[in-house]
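Biologist: I should like a close look at a single part of this model, explained in steps that a first-year student can follow. Please begin with any term that the explanation depends on.

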Amino acid sequence: MGTSVFYFVATLSVIFSLMVIFSKNPVHSVLYLIVTFFTFTVHYILLNAQFLAVVNFIVYMGAIMVLFLFVLMLLNLNKDNEPLKSTLVKVVGVIAGCCLVVTLVGTLKATAISDPVILRNPNLGLVKNLGKELFGPFMLPFELCSILLLSAMVGAILLTKKEKV
Amino acid sequence: MDIAFVIEKFVLVAIIFGISLVIAMYSTYAERKVAAFLQDRLGPDRAGPFGILQPLADGVKMFMKEEIVPSNASKWLFMVGPGLAMLTACIGTAVIPWGSPIAIGDRIIPLQVADINVGLLYIFGVVSLGVYGVMIGGWASNNKYSLLSAIRAASQNISYEIAMGLSIIALLLVTGTMSLKEIVDGQHGWRWNVLYQPLGFLLFMICSFAETNRAPFDLPECETELIGGYHTEYSSMKLGFYLFAEYINMFVSAAVMATLYFGGYNYPGMDWVLANTGPVIGPLIGTGVFFIKIFAFIFFFMWVRWTIPRFRYDQLMHLGWKVLIPLAIANIVVTGVVIAVIEGF
């Protein structure tokens, strides 16, 4: 039952992420992306990682995508005023895409099909256990990540200030 | 998973859904009556005794109106918008504990649809999704006022979510759990969280007002500047859905505030009552108390709406970013220090 649910949701993820690329209207693209993120949330729940699921839900669906949508609505892009792309740009795009595909296929071929990882503690994804892991053995990497995020935030604020600081 | 479990949950979901719709319906009536009282008028009094049938009359009117889809609107999204607003308003009730478990025979029925261990974050996630209904509807209408309103709603929602999240963190420090059931059980009798987190409650309540787009934060539907805001182009039941979703949101956030800060179904002297009234009536009295708290909050929402004028947009942003967020951070620090001192580091 778990596997069939996984395949169903995985198919949905793939379909919706393809729709992100294929839809003409950027706002529709973002909306498909939101649905794709929702299917990711379902994946996390299937993996019994409730905390990650709900954080994915809040941060990606509830905050980041709202900002994406906000910017796209402000720009009001549609077919009439879309800048025409030259043939050169299209060719470059195709070549870059092909390179990415080759790299991805190569990496996937290089990795052997791994044995399914069996967690020592199946409830690792619950808040209490995850917190103990993060603030215990993984304290240093976790704090470093937060400092990285903080510096990115300070940088973004500095960039928006027009006058010399 | 036995069949009785499924039936039990199904019945519970149906009851909660029904109750939220009825309460939302009668909130429209209550709102008009409260407004009338505050402005020294009578309010609706024609349909039925004291105008008690007014919500039904309004509902029928909504259904009978002509359904209009603007010719330049994005058709699908125009229809998805109100549905999404309604959906996000309704799913928040799933994790709220409505009462202590009822025992019928040897079967114990919890009055909560789902006790997940991230219940508080679930509520927060649902709240942050709530803005999509407004944004999609406002954009799909292809009307500049609607678009402006959608953009206002998005920025307001994002800004106040931060302060709300920070005030929740301070609450988590006190309760030590994210399961709403355990949070409520931790407030047995008189030990309500509002006594330990008065500032946190104030911040949370202000943010709830902003997240539900209620006055004085109803800038997305500010009629003096934006005609009707995001629902300018809507008619018939689609408009009805938007208006209805606002009242359901109000009900849900009143329930969340009562759960988190005012003890949920706990009240002083509940042990005596539970011991003397039996395993069914006792918990139901608790549920009744919980609903009294919810109604008090709903009344407060209305009282504020008809008392305080709307903010200007820059005042809204100023309050959100420069007042509420620093206060919330200070609240976390103070709470953390006090807990550390009490528990002896």
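Modeller: A polar contact is a pair of N or O atoms within 3.5 Å; within protein, one of the two must be able to donate a hydrogen and the other to accept it. The model is a predicted one, and the part chosen here is the surroundings of Gln197(B).

In chain B, Gln197(B) occupies the loop between α8 (193-196) and α9 (198-211). The relative accessible area of Gln197(B) is 2%. Because buried means under 20%, Gln197(B) counts as buried. The side chain of Gln197(B) has a polar partner: a polar contact of 3.1 Å joins it to the side chain of Asn331(B). With neighbours within four places in sequence set aside, Gln197(B) is in contact with Ala170(B), Leu171(B), Val174(B), Tyr261(B), Asn331(B) and Thr335(B). Asn331(B) therefore appears both as the polar partner and in this list of contacts, while Tyr261(B) leads on to the helices.

Which helix does α9(B) meet at roughly 170 degrees? The partner is α11(B), and the two axes come within 11 Å. An angle over 145 degrees counts as roughly antiparallel, so α9(B) and α11(B) are described in that way. On the side of α9(B), the contact is made by Gly200(B), Phe201(B), Phe204(B), Met205(B) and Ser208(B). On the side of α11(B), it is made by Ser253(B), Val256(B), Met257(B), Leu260(B) and Tyr261(B). Tyr261(B) thus takes part in this helix contact and also touches Gln197(B).

Leu260(B) links this picture to the nonpolar interior. The largest nonpolar core has 110 residues, and Trp98(B), Leu260(B) and Ile294(B) touch the most other members. Helix α11 of chain B, residues 236-261, supplies the largest share of this core, 16 residues. Ile294(B) is in contact with Trp98(B), Phe251(B), Ala254(B) and Ala255(B), when residues up to four places away in sequence are not counted.

The loops beside these helices complete the view. Asn213(B) lies in the loop between α9 and α10 of chain B. Asn213(B) is not a glycine, yet its phi is positive, near 55 degrees. With a relative accessible area of 11%, Asn213(B) is buried. Further along, His231(B) lies in the loop between α10 (223-226) and α11 of chain B. Is His231(B) buried or exposed? His231(B) is buried, because its relative accessible area of 13% is under 20%. Apart from residues up to four places away in sequence, His231(B) touches Glu221(B), Leu239(B), Tyr242(B) and Leu243(B).

Asn142(B), in the loop between α5 and α6 (144-175) of chain B, may be set beside Asn213(B). Asn142(B) likewise has a positive phi without being a glycine, with a value of about 60 degrees. Its relative accessible area, however, is 51%, so Asn142(B) counts as exposed.

Finally, α5(B) leads to the other chain. Helix α3 (residues 50-75) of chain A packs with α5 (residues 131-140) of chain B at about 15 degrees, with the axes 11 Å apart. That angle makes α3(A) roughly parallel to α5(B). Among the residues that meet here are Met65(A) and Phe70(A) from α3(A), and Tyr132(B) and Trp139(B) from α5(B).

Conventions. Residues are numbered from 1 along each chain as its sequence is written. Chains are lettered from A and ligands numbered from 1 in the order in which they are written. This is a predicted model: local features need pLDDT of at least 70, side-chain atom pairs count only at pLDDT 80 or more; totals for chains, interfaces and linings use all residues. Side-chain values use heavy atoms; hydrogens and water are left out. Helices (H or I, at least four residues) and strands (E, at least two) are DSSP runs, numbered from the N terminus. Buried means under 20% relative accessible area, exposed over 50%, partly exposed in between (1.4 Å probe, protein chains only). Contact means heavy atoms within 4.5 Å. A nonpolar core is a set of buried Ala, Val, Leu, Ile, Met, Phe, Trp, Tyr and Cys residues joined through side-chain atoms within 4.5 Å. Axes are lines fitted to C-alpha atoms, for helices over the stretch in contact, and angles run from 0 to 180 degrees between N-to-C directions. Angles under 35 degrees count as roughly parallel, over 145 as roughly antiparallel, 65 to 115 as roughly perpendicular and the rest as oblique.
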